[in-house]
Amino acid sequence: MFIDTHAHFEMCLEEKKATEEDMLSSLKENNVTYAVQISTEVKTFDWSYKFSKRNKNIFFTIGIHPSS
């Protein structure tokens, strides 16, 4: 079992490099059981919360990065 403790899933979506389904499939394929979505911008807080609620193996944090 692996845990990704620092993920920015929203950046993959913004850059259109992957869909939510792609990201979740990739976690499973690589034996990543849990992941923590790191939100550092107010505009991503709501999405991160909802993403974690839709996926029981995704947790999230929110905070403002010092450079913001």
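Tutor: A salt bridge is a side-chain nitrogen of Lys or Arg within 4 Å of a carboxyl oxygen of Asp or Glu. This is a predicted model, in which local features need pLDDT of at least 70 and side-chain atom pairs count only at pLDDT 80 or more, while totals for chains, interfaces and linings use all residues. Residues are numbered from 1 along each chain as its sequence is written, and side-chain values use heavy atoms, with hydrogens and water left out.

Student: Why are the side chains of K17 and E15 said to meet in a salt bridge?

Tutor: Their N to O distance is 3.3 Å. The limit is 4 Å, so the pair qualifies as a salt bridge.

Student: Is K17 buried or exposed, and what of E15?

Tutor: The terms rest on relative accessible area with a 1.4 Å probe and protein chains only: buried means under 20%, exposed over 50%, and partly exposed in between. K17 has 65% and therefore counts as exposed. E15, at 49%, falls in the middle class and is partly exposed.

Student: How many salt bridges are there by this rule?

Tutor: The count comes to 3. One of them joins E20 and R54, whose closest N and O atoms are 2.8 Å apart.

Student: What makes the pair of E20 and R54 a tie between parts of the chain?

Tutor: Helices and strands are DSSP runs numbered from the N terminus, with at least four residues of H or I for a helix and at least two of E for a strand. E20 lies in helix α2 and R54 in helix α3, so the salt bridge ties together parts that are 34 residues apart in sequence. R54 is partly exposed, at 46%.

Student: Where do D46 and K50 lie?

Tutor: Both are in helix α3, 4 residues apart, which is about one turn of the helix. Their side chains also meet in a salt bridge, at 3.0 Å from N to O. D46 has a relative accessible area of 45% and is partly exposed; K50, with 42%, is partly exposed as well.

Student: Which residues make up the largest nonpolar core?

Tutor: It has 9 residues: A7, F9, A18, M23, L27, V32, A35, F51 and I58. Helix α2 (20-29) and strand β2 (32-39) each supply at least two of them. The set is called a core because its members are buried Ala, Val, Leu, Ile, Met, Phe, Trp, Tyr or Cys residues joined through side-chain atoms within 4.5 Å.

Student: Which residues is F9 in contact with, leaving aside its neighbours within four places in sequence?

Tutor: Contact means heavy atoms within 4.5 Å. By that rule F9 touches M23, L27, A35, Q37, W47, F51 and I58.

Student: How many aromatic pairs does the rule give?

Tutor: There are 4. Rings of Phe, Tyr and Trp (its six-membered ring) pair if their centres lie within 6.5 Å; planes under 30 degrees apart are stacked, over 60 edge-to-face, and the rest tilted.

Student: Why is the pair of Y34 and F59 called tilted?

Tutor: Their centres are 5.9 Å apart and their planes differ by 40 degrees. That angle is neither under 30 nor over 60 degrees, so the word is tilted. The pair links distant parts of the chain, since Y34 is in strand β2 and F59 in strand β3 (residues 58-62), 25 residues apart.

Student: What makes the pair of W47 and F51 stacked?

Tutor: The centres are 4.6 Å apart, with 15 degrees between the planes. An angle under 30 degrees counts as stacked, so the name follows. W47 and F51 are separated by about one helical turn because they are 4 residues apart in helix α3 (residues 42-54). W47, at 22%, is partly exposed, whereas F51, at 0%, is buried. Ring pairs link F9, W47 and F51 into a cluster.

Student: Which residues make the nonpolar surface patch of about 450 Å²?

Tutor: The patch is made by M1, I3, Y34 and F59. Patch residues have over 30% relative accessible area and no salt bridge; like charges are joined within 9 Å, nonpolar side chains (Val, Leu, Ile, Met, Phe, Trp, Tyr) within 5 Å. The areas come from the Shrake-Rupley method with a 1.4 Å probe, and for residues only the protein chains shown count as cover. Y34 has 32%, F59 has 46% and M1 has 72%, so these three pass the 30% threshold.
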